[in-house]
Amino acid sequence: MRVFFLRGYALNSIKSNTLKVGICGYGTVGSGTLALLQGNAKEITRKTGVEIEVYRVASRSLQVDIAGVTYSGTDPFEIAGDGEVDVVVEAMGGFDPAFEVVKKALENGKHVVTANKALIAERGAALIELAEQKGVTLAYESAVAGGIPIVKALREGLAANRIDWLAGIINGTGNFILSEMMDKQREFADVLEEAQALGYAEADPTFDVEGIDAAHKLTIMAAIAFGMPLAFDKTYTEGISALTPEDIGYAKELGYHIKHLGIARLENGWVQTRVHPTLISTKHLLAHVHGVGNAVVVHGHAVGTTLYNGPGAGAEATASSVVADIIDIARAKAQGLARPNVPILGFETLRTDLKALTIDEIETEYYLRITAQDIIGVMANVASELERFGIGIDALIQKESDGKNVPIVILTDKARESELDEAIAAIEKLASVTAPVMRIRVESFGE
Ligand code: HSE
């Protein structure tokens, strides 16, 4: 608590130093934020010198007044227009009405803290520009990797570095599903239902399992890491719904786990951002992240490789990041600043010279599972097709036949994706090959 002495009287500055917060949306994130702000109020005031009051809450389905909140209602636009509110927490998700609510709040000179990765990744540029014009902040730590302070790590902790690449497990629901499928041989749909009940999954869970949610988060991290504009439309996105327990098992036999990774790399002015299932060595740090856990590995030219690990979803974890952003604003206020003094994406000047690499231009290793008739010569045919397209084989295993078909599992050497596509098309044309080829990228991250 900051205390001023004036003409012999001690004036407690707290009353005039109250930050009023309005929370729009009262689901997992909104209710978690209120609970954390109220439950840890003393400690937060001790840290900031400012009392943080949740003044208003608006929720679509609110039936009763919320304890300790002055106004409980259903209209988020009232919060965005309320002259008493300093900070609007946008915890509604989606674009509509979130975009207009945030826009109105910024136009009215309010700081905005949002957990909405879709909003930042896809429509953030206009909102960031508006925040800059108005001299307020638009904070989004909770939008990426839930409770892990990865935005601050990239933007502040690693600010001295040129970031070469980062890779992460950035969707808790997807990781929860893959972990349960691998460890307990559970069905995909059954695990997804549990993730929804636990408050991990998006309102539309296809965002989780088809990689869209992870692509939003990767887009935001890549913009901060490389200092480039947000480019969601350049992020390649592939989900986990086509993965089978067989692939998870075969990968394990070969010494790999399958994880749903977001990967961003900057090489010679070319940026690649991609989300897809990935084989990583069971020895790699990311292979040991289970359940709803998220983890991001970042490589900076000066620091080397660093790892950030923690809960990626859930009420308290996400609220931890939302409240950290509110604390930044409170601290700025206590110091007499209009807003926290870190640029919103971490760069005063963004790079517009970087070019995007498309998925067919990347080079990596691959896991292939080919389903073929159990007849003599089929392995040789498949191998010779790969050879024809200049793709080397690192490992080739014929698994047990089901009496008719036999799975052939191959690990390739590094190849260009467009060449691999051609080889796969040729393999699928072989008379003995009876099903589409399963292809999963393999990454080693220099280890
Ligand atoms: N649906 C998201 C996840 C929530 O599962 O990671 C946190 O962004």
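## Close-up views of the pocket, ligand and cavity

**View 1. The largest pocket has a volume of about 1,100 Å³.** Its lining is made up of 44 residues, and those closest to the pocket centre are A91, M92, G93, E202 and A203. Keep in mind while you look around that this is a predicted model. Sorted by class, the lining of the largest pocket holds 16 nonpolar, 19 polar and 9 charged residues.

**View 2. Several helices help to line the largest pocket.** At least two lining residues come from each of α1 (28-39), α5 (117-134), α7, α9 (206-209) and α10. Of these, α10 gives the largest share of the lining, with 3 residues.

**View 3. The ligand sits in the largest pocket.** Which residues are around the ligand? Here they are: K117, N171, G172, T173, Y200, A201, E202, D208, D213, K217, G312 and A313. By class, this shell has 3 nonpolar, 4 polar and 5 charged residues. Two helices, α7 (172-184) and α10 (212-226), each contribute at least two residues to the shell.

**View 4. Polar atoms of G172, T173 and E202 lie a short step from the ligand, at 2.7 Å, 2.6 Å and 2.6 Å.** For G172, the atom in question is a backbone N or O, and its partner is an oxygen atom of the ligand. T173 instead uses a polar side-chain atom, again paired with a ligand oxygen. E202 also offers a polar side-chain atom, but its partner is a nitrogen atom of the ligand. How much of the ligand does the protein bury? Taken alone the ligand exposes 250 Å², and 93% of that is buried by the protein.

**View 5. Away from the ligand topic, here is the largest cavity, with about 40 Å³ of space.** Rolling a probe the size of a water molecule over the atoms reveals where space is left empty. Searching the whole structure turns up 1 cavity of 30 Å³ or more. Which residues line the largest cavity? The lining consists of L178, S179, M182, I248, I258 and K259. Two elements, α7 and β11 (256-267), give two or more residues to this lining.

**View 6. A last look at the cavity lining shows α7 with the largest share, 3 residues.** By class, the lining of the largest cavity divides into 4 nonpolar residues, 1 polar and 1 charged. Helix α7 is worth following from view to view: it supplies at least two residues of the shell around the ligand, and at least two of the lining of the largest pocket.

Note on methods
Residues numbered from 1 in each chain as written. Predicted model: local features only at pLDDT ≥ 70, side-chain atom pairs only at ≥ 80, totals over all residues. Heavy atoms only, no water. Near = heavy atom within 4 Å. Polar contact = N/O pair within 3.5 Å; in protein donor to acceptor, adjacent residues only side chain to side chain. Areas by Shrake-Rupley, 256 points an atom, 1.4 Å probe, with all protein chains shown as cover. 1 Å grid on protein atoms, 1.4 Å probe; cavity = no way out; pocket = protein on both sides within 12 Å on 5 of 7 lines; lining within 4 Å. Sits in = over half its atoms within 2 Å of the grid points. Helix = DSSP H or I, 4+ residues; strand = E, 2+ residues; numbered from the N terminus. Nonpolar A, V, L, I, M, F, W, Y, C, P; charged D, E, K, R; others polar. Points joined across faces, edges and corners; volume = space filled by probe spheres on them.
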